[in-house]
Amino acid sequence: MAPRTYLTTDLRHLPKPRPLKPGEALLVRYKNSLRQYKADVWIGIVLPDKFGPSRHINRRPVGAQPAEGPWKTHPKDRVYSIYLPGRNMYKWIGLQDIFVLNEKTPNVLRRAQREPDSKIWDDIMEIVRTEPGLEFWKNMSLQELGAKGKRGKGLRLVLPSGHEDLVSGEESDDEKSESEPEKEDKDEEDEHQEVPYDHVEPVTDVAPNPSNEQATIRSFSDSRAAVPTQGVQLRQTLGLSQDANPVVPASEPIPFADRESSCLRTTRQFHPCPPLVPPTTSLQTPSQFITPPTAMTQSTVPKVENDISPNIADVVSQPPAPEFSIFDLTISQALKHVFLNQCEAARIVDVFLGAAALEKQPEYLHIREYLADGEFNPRLITLKNSGFSHPTPFPTVDPDNKSTQFRLVGDQMGLGQNFKLHGVNNSLDLETAIISLGRVYLQARRFGLIDLVYRVTFKLQVAWNCYPELYQSKPILGVASLAFAGRTDFDEDGCDYLQAWLIHFIAEASDLLIYSANDQFWGLLRAHPKLQDKVLNLRTVAHINNPELYGNTIILLESRGLGNL
């Protein structure tokens with residue numbers, strides 16, 4: 001009988017114990033939570049001991065470098081922090097589980113007939129051969145965390161912006177993620193089951209109507225969309241803010257932000273982009289300029305917030321403002337409020353009843369997905385470009401450094417065009433997705449899921465930025481009607497993230513919304529007079545700053561691919 005072959009068969013340990021250098025690529029053996037914690041093998045990158053998710057770096061095993069001071073452990077007994085690219089995992093691994101990686105190393109997963117694992121392995125080897133350096137791997141880990149969330153273990157590469165050509169072929173989507181069930185294990189709290197990609201589409205009470213009163217459904221894969229857009233990448237993930245090219249000294253630790261440990265206790269503040277200000281007195285039309293690629297770098301990472309990884313807004317991150325919330329109460333305190341009929345009793349009862357009834361709602365699966373791995377459908381797919389010739393951005397002067405940047409009208413988060421929504425193939429899919437996001441928002445607001453409110457807003461911005469024409473107008477205004485229902489005060493300090501985003505989005509994109517959804521636009525403003533005052537004031541400021549753009553509906557329509565109308 002032939003001898004049994006293991007994944008580590010033919011792999012070689014290091015010739016002798018030696019200190020490992022941050023940025024070094026090796027093969028590692030680890031327990032894979034997506035394979036019932038069986039031993040698995042993957043390519044690992046040695047990280048600095050203080051770089052990584054807080055859950056990882058704060059749980060140092062015996063043998064790891066001390067949090068302060070030099071090593072006190074013999075090289076053969078040391079345990080290193082290892083990042084597993086493509087898997088969004090971070091492990092503490094000793095030399096007994098580390099193997100040499102070079103050109104002669106076999107692809108053991110291909111030998112085990114595991115696809116697409118072996119293909120991703122080959123892609124990572126392509127990157128390793130280029131010797132990209134530690135900063136590349138840091139940026140990649142940050143970006144992957146932001147794109148997948150801290151619990152997302154889907155098998156796919158998320159490359160830093162500007163480095164997409166390192167790997168031949170197309171990027172793999174979330175559909176290629178592993179689907180093996182995962183078991184709970186108290187010693188592996190940072191491992192989580194990958195949520196299945198397929199899900200039940202939410203049922204809508206009213207079928208969405210295509211924008212512009214078009215009777216046909218527009219496909220987003222037809223010949224009109226074949227020209228690659230040259231949209232700008234401002235900074236990416238569902239984080240907060242960013243610089244176009246922030247500089248971080250190599251020796252300085254890079255902040256690594258997780259999704260909020262308690263998203264019920266913090267308030268996320270929205271920072272709108274300023275109005276577009278032309279760099280010259282004569283306005284360039286979309287066809288007269290080419291958007292220069294802007295490198296995406298890290299910032300705070302979760303939430304898909306900056307940096308693909310995380311959020312992508314051009315704003316300076318600010319610590320969330322603490323505030324009292326019923327979600328800070330213990331169950332006994334909440335019950336006391338209810339039994340004594342104290343001020344928050346009605347809202348607490350609403351939350352309890354809502355939680356009990358949620359299972360019957362179409363948003364139940366979205367909430368479960370989000371709580372399980374930090375993401376929910378429709379999921380984000382990162383792109384080299386949007387695949388469409390429209391919408392196109394306009395040049396604008398950065399108010400801080402006076403340099404020329406490019407931004408879409410309505411892109412209030414400064415995300416650019418680096419994403420698309422999985423499963424959105426035509427205008428009907430797009431409108432259905434937006435309506436679904438609005439309903440998820442209502443549940444997120446009800447249950448105090450502040451980070452989920454942010455992610456919903458992020459995906460609404462992607463829906464506007466990365467698909468042509470104006471099919472988004474009516475469903476987004478429908479979301480606004482849901483978000484503002486019963487609201488009389490529109491002071492932004494009292495608004496949640498999505499409400500504040502809607503105020504600025506509606507103001508800047510008002511001419512486009514009026515063109516495509518006139519009755520719905522004015523109906524919303526008439527129903528909320530203070531919102532109307534706020535929107536019209538912001539719109540006036542934008543027109544004063546750039547009358548050649550905001551006062552020219554033809555140019556605005558051309559930027560969305562509607563110039564022939």
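Helices (H or I, at least four residues) and strands (E, at least two) are DSSP runs, numbered from the N terminus. The model on your screen is predicted, and local features need pLDDT of at least 70, side-chain atom pairs count only at pLDDT 80 or more, while totals for chains, interfaces and linings use all residues. Residues are numbered from 1 along each chain as its sequence is written, and side-chain values use heavy atoms, with hydrogens and water left out.

Begin with the whole protein, in which there are 15 helices and nine strands. Of its 565 residues, 55% count as buried, where buried means under 20% relative accessible area, exposed over 50%, and partly exposed in between (1.4 Å probe, protein chains only).

Next, select residues 364-382, a stretch that takes in helix H7 (364-373) and strand E6 (380-382), with Pro378 in the loop between them. The peptide bond from Asn377 to Pro378 is cis, and its omega is near 0 degrees.

A second cis bond can be found by selecting Glu115 and Pro116, where omega is near 5 degrees; Pro116 belongs to the loop between H2 and H3.

From there, move on to helix H3 (residues 117-129), whose 13 residues reach 19 Å from the first C-alpha to the last, close to the 18 Å expected at 1.5 Å a residue (the expected span is 1.5 Å times one less than the number of residues). Among the buried residues of H3 are Ile120, Trp121, Ile124 and Met125. If you also display strand E1 (25-32), strand E2 (38-46), helix H2 (108-111) and helix H4 (134-148), you will see part of what covers these buried residues, contact being heavy atoms within 4.5 Å.

Continue to Glu131, in the loop between H3 and H4, where phi is near 50 degrees, a positive value in a residue other than glycine. Glu131 counts as exposed because its relative accessible area is 70%.

Now select Asn88, in the loop between strand E3 (79-84) and strand E4 (89-94), which has a positive phi of about 55 degrees although it is not a glycine. Asn88 has 1% relative accessibility and therefore counts as buried.

Finish at Leu340, in the loop between helix H5 (331-339) and helix H6 (345-357); its relative accessibility is 52%, so Leu340 counts as exposed.
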